[in-house]
Amino acid sequence: MKKYLVLAFTLLLIPTSALAQRCVFEKPIELDIPVDGQTLLELTMEAGNLVIEGSDESDVIAVRATACAGNKSAVEDLDLVYGSQSGSIEIRSVTPDISSLFSFNNYAYIDTTITLPSSMNLDINDGSGDMSVRNVANLKIVDGSGNIVIDTISGSLDLNDGSGNSSIRSVAGNARIDDGSGNLSVNGVNGDLDITDGSGNLDIQNARGTVRVNDGSGNITISRSGPVIINEDGSGNISMDDVAGDVTIESDGSGSITATNIRGSVVIENDGSGSIRVDGVTGDFIVDDGGSGGISHSGVQGRISISD
């Protein structure tokens, strides 16, 4: 069983007119947690920004945080606690119930910065606030809201995000992304990339494995990738360039489709509305159901089959 250690810290209460309603009272929280063979860090955080940086030279988990609240009693109750067991270390935030505090300063959150060994895996469950994660091994995130920046993951990525923009760079393994709303940018995935997206634009570059997309609404732009499979697209334009493999669009609701420099075949099984243009296809160009909108093609080296 895990034993949580609540660390007592000197409380620093700072009424600050400069921070206005953003941080009337604050206190620092510092943890230095030794890593003794553990390979996984589990984080359960509520409100606040989160910055995580892996270091090749670190052998501890160093936490530097600022608890912030609109009243004295709330900031006293804000804290971070941790526990450890064989193989993993867990850190979680403790946030007071402020629902009964009827005040303009009714808020409480913890902004947290963590440095840890870059070889560690991360499992993050986060409520709200912006997040930045860089230079770690395998990464799993469940996030409610806030913008996310992810950079240099030496393993795989599993991201489930509610709302907010996300930027992802340099994933060595596979990446699975389930995104509710907000723009999503992915640049550099060595393995397969699987995206389920509710709304917002998608920009995908340099994905070497198979790219699979289920999209509700928003434009999709894919360049310099492996084979592309779009299972379903509700609305928005689709643009693909420099694809090493086949392109398959199983169902497209509305919006134009453009495919250029495809080293494989282009197959569109069902298209609702919008123009279709392909240019530079080494394989076949097949449209099973073109819906409404013009269809043009050039530079197709294989078979051409277009059905109304």
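Reader: Where is Thr258 found, and why is Thr258 called buried?

Author: In this predicted model, Thr258 is found in strand 25, which runs over residues 257–262. Its relative accessible area is 18%. Buried means under 20%, so Thr258 counts as buried.

Reader: What is Thr258 in contact with, leaving aside its neighbours within four places in sequence?

Author: Thr258 is in contact with Ile238, Ser239, Met240 and Arg277. One of these, Met240, also belongs to the largest nonpolar core, where Met240 is among the residues that touch the most other members.

Reader: Which other residues touch the most members of that core, and which strand gives the most to it?

Author: Happy to list them: Leu41, Leu43, Ile61, Leu122, Ile124 and Leu139 join Met240 there, in a core of 77 residues. Strand 5, residues 60–69, gives the most, with six residues. As for Ile124, residues touching it from beyond four places in sequence include Leu43, Leu50, Ile52 and Leu139.

Reader: Why is Ile295 called partly exposed?

Author: Ile295 has 31% relative accessibility. Partly exposed covers values between 20% and 50%, so Ile295 fits that class. Ile295 lies in strand 30 and forms a nonpolar surface patch with Ile304 and Ile306, with about 210 Å² of accessible area together.

Reader: How do you know that a disulfide joins Cys23 to Cys68, and what does the pair tie together?

Author: Their sulfur atoms are 2.2 Å apart, and a disulfide needs them within 2.5 Å, so the pair qualifies. Cys23 lies in the loop between strand 1 and strand 2, and Cys68 in strand 5, so the pair ties together parts that are 45 residues apart in sequence. Both cysteines are buried.

Definitions and conventions
Residues are numbered from 1 along each chain as its sequence is written. This is a predicted model: local features need pLDDT of at least 70, side-chain atom pairs count only at pLDDT 80 or more; totals for chains, interfaces and linings use all residues. Side-chain values use heavy atoms; hydrogens and water are left out. A nonpolar core is a set of buried Ala, Val, Leu, Ile, Met, Phe, Trp, Tyr and Cys residues joined through side-chain atoms within 4.5 Å. Buried means under 20% relative accessible area, exposed over 50%, partly exposed in between (1.4 Å probe, protein chains only). Helices (H or I, at least four residues) and strands (E, at least two) are DSSP runs, numbered from the N terminus. Contact means heavy atoms within 4.5 Å. Patches are made of residues with over 30% relative accessible area and no salt bridge: like charges are joined within 9 Å, nonpolar side chains (Val, Leu, Ile, Met, Phe, Trp, Tyr) within 5 Å. Accessible areas come from the Shrake-Rupley method with a 1.4 Å probe; for residues, only the protein chains shown count as cover. A salt bridge is a side-chain nitrogen of Lys or Arg within 4 Å of a carboxyl oxygen of Asp or Glu.
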